Amino acid sequence: MRKGLANASVLACGLVIGWLATEAPAAVSTAAITTSTTRVAAAMSSDVIVLEPDLERVALTSRDRLVRVADDSKWNAVPIVADDATGLFDQLVTSERAVRDPAVTGKQLAFMGHLQQLVYRHLIERPDLRDLVFAAIPQDLRGAADLNIAAGADLYLFGPGGARELPAWRIVSAPPMSALLADYSEAEAAFGVPWYYLAAVNLVETRMGRIRGDSYAGAQGPMQFMPKTWDMYGEGDINDTHDAILAAGRYLSAAGAPEKIEKAIWMYNHDNEYVDAVMKYAEVMRADRSAFRGYYGWQVYFVTTSGTFLLPVGWSKD
């Protein structure tokens, strides 16, 4: 259909430092990286009470492994990713288990989804650490970890990272998880496209609708339709989440989904890396519906020639 926001490097998710929505974004710097030991505490400030599981105790539940924070506002912080294999391993296992634990909700879930995103991005950039971490990942998480790292690598190649300035976007809160899942399910029932493919497209294109603004090619809305394509497949408002998700289901069905889903996704965006990434993220959610909870917490990052920037809710270039 077109190359959308993903081609503008929205999917890059490098390391950042925290900042307030009223400030200008801070570029990535190696100074923002802290060294971790065997704990998720490296992702938080120092004034927390920490549970320190040994690496061999990877079967512990996420509630056993989570950092217990006296001040709930600490969960609003941007995670700081470890820069050693042991710390990254612990952060990866903890975040993967946390997003699958129904007892982890609200700010804790959002924090763990964000941490999960940043850990995978750092492992893509540091293959020397990745090999050590992946050698130790427990079997029940290995399939999802393999797909996540491969999808992230696809999108790392997909995005050119050659922009010189930040995009003319506005960043808003994603719709509630329950509303998104209801929209995906409605589209699946109407057009036969499994919900997890729609969720994967929504994730890759606009981080579940967080990005408001046109792509460099002029695509619009949470599912990034070109206006002419919307005229053919859309009903209602191109910027409405419900209408856009149904239009995506309608388009993918017309393009051959679900029988020829890979071809249909290629028609949606003519790039092999894009297709491969969407297929992999969808497979993670197909195998475990709760993985959607982690992806829902992934944030908007943008790569420029000056560095990688976090664009939080409330950010606007104007």
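Here are some questions and answers about the aromatic pairs, nonpolar cores and backbone details of a predicted model.

User: Happy to start with the rings! How are the rings of W169 and F302 arranged, stacked, tilted or edge-to-face?
Analyst: A pair of aromatic rings is described by the distance of the centres and the angle of the planes. For W169 and F302 the centres are 5.4 Å apart and the planes stand at 90°. Planes over 60 degrees apart count as edge-to-face, so the arrangement of W169 and F302 is edge-to-face.

User: How many residues apart in the chain are W169 and F302?
Analyst: W169 sits in the loop between helix 5 (139-158) and strand 1 (170-171), while F302 belongs to strand 3 (residues 301-304). The pair thus links distant parts of the chain, and the separation is 133 residues.

User: Are those two rings buried or exposed?
Analyst: The cut-off for buried is under 20% relative accessible area. W169 has 4%, and F302 has 3%. Both values fall under that cut-off, so W169 and F302 are buried.

User: Which helices does the Y281 and Y295 pair tie together?
Analyst: Y281 and Y295 make an edge-to-face pair, with 5.2 Å from centre to centre and 70° between the planes. Both tyrosines are buried. Since the two positions are 14 residues apart in sequence, in residues 272-287 and residues 291-296, the pair ties together helix 11 and helix 12.

User: Which arginine lies over the face of a ring in the cluster with Y184, and at 4.7 Å from the ring centre?
Analyst: One aromatic cluster is formed by Y184, W195, Y196, Y197, F292 and Y296. R210 lies over the face of Y296, at 5.3 Å from the ring centre. Over the face of W195, at 4.7 Å, lies R289.

User: Nice. Which helix gives the most to the largest nonpolar core?
Analyst: That core has 50 residues, and Y184, Y281 and F292 have the most contacts inside it. Several helices each supply at least two residues, including helix 6 (177-191), helix 7 (195-206) and helix 10 (261-268). With 9 residues, the one that gives the most is helix 7.

User: How many residues does the other core have?
Analyst: This core lies apart from the largest one, and among its members are L115, Y120, L123 and F134. Its count is 30 residues.

User: What is phi of M208, and is this residue buried or exposed?
Analyst: M208 is in the loop between helix 7 and strand 2 (211-212), and F292 is one of the residues it touches. Its relative accessibility is 1%, so M208 counts as buried. Phi is positive although M208 is a residue other than glycine, with a value near 65°.

User: Which residue in the loop between strand 2 and helix 8 has a positive phi?
Analyst: The residue has a phi of about 55° and is not a glycine. Its relative accessible area is 0%, so it is buried. The residue in that loop is Q224.

User: Where is the cis peptide bond?
Analyst: One of its partners, P258, is found in the loop between helix 9 and helix 10. Omega is about 5°, and the cis bond joins A257 and P258.

User: Last one: is G236 buried or exposed?
Analyst: G236 is placed in the loop between helix 8 (227-233) and helix 9 (241-254). Beyond residues up to four places away in sequence, G236 touches W230 and D243. Its relative accessibility is 64%, and the cut-off is over 50%, so G236 counts as exposed.

Definitions and conventions. Residues are numbered from 1 along each chain as its sequence is written. This is a predicted model: local features need pLDDT of at least 70, side-chain atom pairs count only at pLDDT 80 or more; totals for chains, interfaces and linings use all residues. Side-chain values use heavy atoms; hydrogens and water are left out. Rings of Phe, Tyr and Trp (its six-membered ring) pair if their centres lie within 6.5 Å; planes under 30 degrees apart count as stacked, over 60 as edge-to-face and the rest as tilted. Helices (H or I, at least four residues) and strands (E, at least two) are DSSP runs, numbered from the N terminus. Buried means under 20% relative accessible area, exposed over 50%, partly exposed in between (1.4 Å probe, protein chains only). A charge sits over a ring if NZ of Lys or CZ of Arg is within 6 Å of the ring centre and within 35 degrees of the ring normal. Contact means heavy atoms within 4.5 Å. A nonpolar core is a set of buried Ala, Val, Leu, Ile, Met, Phe, Trp, Tyr and Cys residues joined through side-chain atoms within 4.5 Å.
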